[in-house]
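Subject: Handover of a structure and notes on it

Dear colleague,

Please find below the structure that I am handing over to you. I would be grateful if you could read the notes with the coordinates open beside them.

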Amino acid sequence: MTELTCIVCPKGCRLKVDEENGFAVTGASCPRGTAYGKKELTAPTRTVTSTVAIEGALHSRLPVKTSQEIDRALVKEAVAALKNVQVKAPVSTGDVILENVLGTGTDFIATKTMGRI
Ligand code: SF4
């Protein structure tokens with residue numbers, strides 16, 4: 001039995017996941033928590049947020065995030081893939097900054113619009 005806190009919403013329900021009983025989840029107040037508890041122990045994923053360098057904008061870093069969740073084990077490598085990425089303003093929210101991160105089929109996209117100065 002594994003105990004964890006559901007991070008799907010701010011309520012933070014305490015979940016118990018029974019690995020020996022088909023990853024049955026107890027303690028969730030809604031179905032999203034049940035799904036989260038099972039997935040967290042079988043195939044955990046995360047949305048990755050970071051920043052990249054940007055030229056020609058008011059600020060020097062552009063915030064980005066993955067367009068979908070990726071395997072939690074790939075988070076560090078995904079952030080490292082952004083290290084040498086440099087974009088030029090203007091950039092709009094939702095623009096693809098890095099395609100197909102680590103072959104996952106997920107892109108890093110801009111989460112902020114930054115005009116050219
Ligand atoms: S189980 Fe449902 S209500 Fe509880 S924290 Fe998760 S999403 Fe929120």
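The notes below go from the whole chain to its sheet, then to the ligand and to some backbone details.

Please bear in mind throughout that this is a predicted model.

Overall form

The chain contains 2 helices and 10 strands. Followed along the sequence, these elements give the pattern β-β-β-α-β-β-β-β-α-β-β-β. The radius of gyration is 18 Å, whereas the globule rule gives 13 Å for 117 residues, so the chain is more spread out than a compact globule. Along the principal axes, the C-alpha atoms occupy a box of roughly 55 × 30 × 15 Å. Of the 117 residues, 22% are buried. As for contacts between residues at least 6 apart in sequence, 46% of them join residues at least 24 apart.

The sheet

An open sheet is built from 5 strands, in the order S8-S5-S6-S10-S9, with mixed pairing. Its edges are strand S8 (86-88) and strand S9 (96-98), each of which pairs on one side only. On average, and with direction ignored, neighbouring strands of this sheet are turned by 45° against each other.

Strand S6 (residues 61-66) has antiparallel partners in S5 and S10. With strand S5 (residues 49-55), S6 shares 5 bridges in the antiparallel sense; within this pair, Ala 53 stands opposite Arg 61. The two strands S5 and S6 form a hairpin with 5 residues between them, and Gly 56 in the turn has a positive phi of about 80°. Strand S10 (residues 108-110) is joined to S6 by 3 bridges, again antiparallel, and Lys 65 has Ile 109 as its bridge partner there.

Which side chains of S6 are buried, and which are not? Leu 62, Val 64 and Thr 66 point to one face and are buried, while Arg 61, Pro 63 and Lys 65 point to the other face and are not buried. In a regular strand, side chains alternate in this way between the two faces of the sheet.

The ligand shell

The ligand is surrounded by Cys 6, Val 8, Cys 9, Lys 11, Gly 12, Cys 13, Ala 28, Ser 29, Cys 30, Arg 32 and Gly 33. By class, this shell divides into 6 nonpolar, 3 polar and 2 charged residues.

Backbone details

Most residues other than glycine have a negative phi, and most peptide bonds are trans. The following sites may therefore merit your attention when you inspect the backbone.

- Phe 23 has a positive phi of about 55° although it is not a glycine. Phe 23 belongs to the loop between strand S2 (14-18) and strand S3 (24-26). It counts as partly exposed because it has 16 C-beta neighbours inside 10 Å.
- Leu 102 likewise has a positive phi, near 55°, in a residue other than glycine. Leu 102 is placed in the loop between S9 and S10. With 14 C-beta neighbours inside 10 Å, Leu 102 counts as partly exposed.
- Ala 89 and Pro 90 are joined by a cis peptide bond, with omega at about 5°. Pro 90 lies in the loop between S8 and S9, the two edge strands of the sheet.

Yours sincerely

Conventions: Residues are numbered from 1 along each chain as its sequence is written. This is a predicted model: local features need pLDDT of at least 70, side-chain atom pairs count only at pLDDT 80 or more; totals for chains, interfaces and linings use all residues. Two strands pair if DSSP finds at least two bridges between them. Helices (H or I, at least four residues) and strands (E, at least two) are DSSP runs, numbered from the N terminus. Axes are lines fitted to C-alpha atoms, for helices over the stretch in contact, and angles run from 0 to 180 degrees between N-to-C directions. A residue is near a molecule or strand if its C-beta atom, placed from the backbone, lies within 6 Å of it. Ala, Val, Leu, Ile, Met, Phe, Trp, Tyr, Cys and Pro count as nonpolar, Asp, Glu, Lys and Arg as charged, and the others, Gly among them, as polar. The radius of gyration is taken over C-alpha atoms; the globule rule is 2.2 Å times the number of residues to the power 0.38. A residue is buried if 20 or more other C-beta atoms lie within 10 Å of its own, exposed if 12 or fewer, and partly exposed in between; C-beta atoms are placed from the backbone. Two residues are in contact if their C-beta atoms, placed from the backbone, lie within 7 Å.
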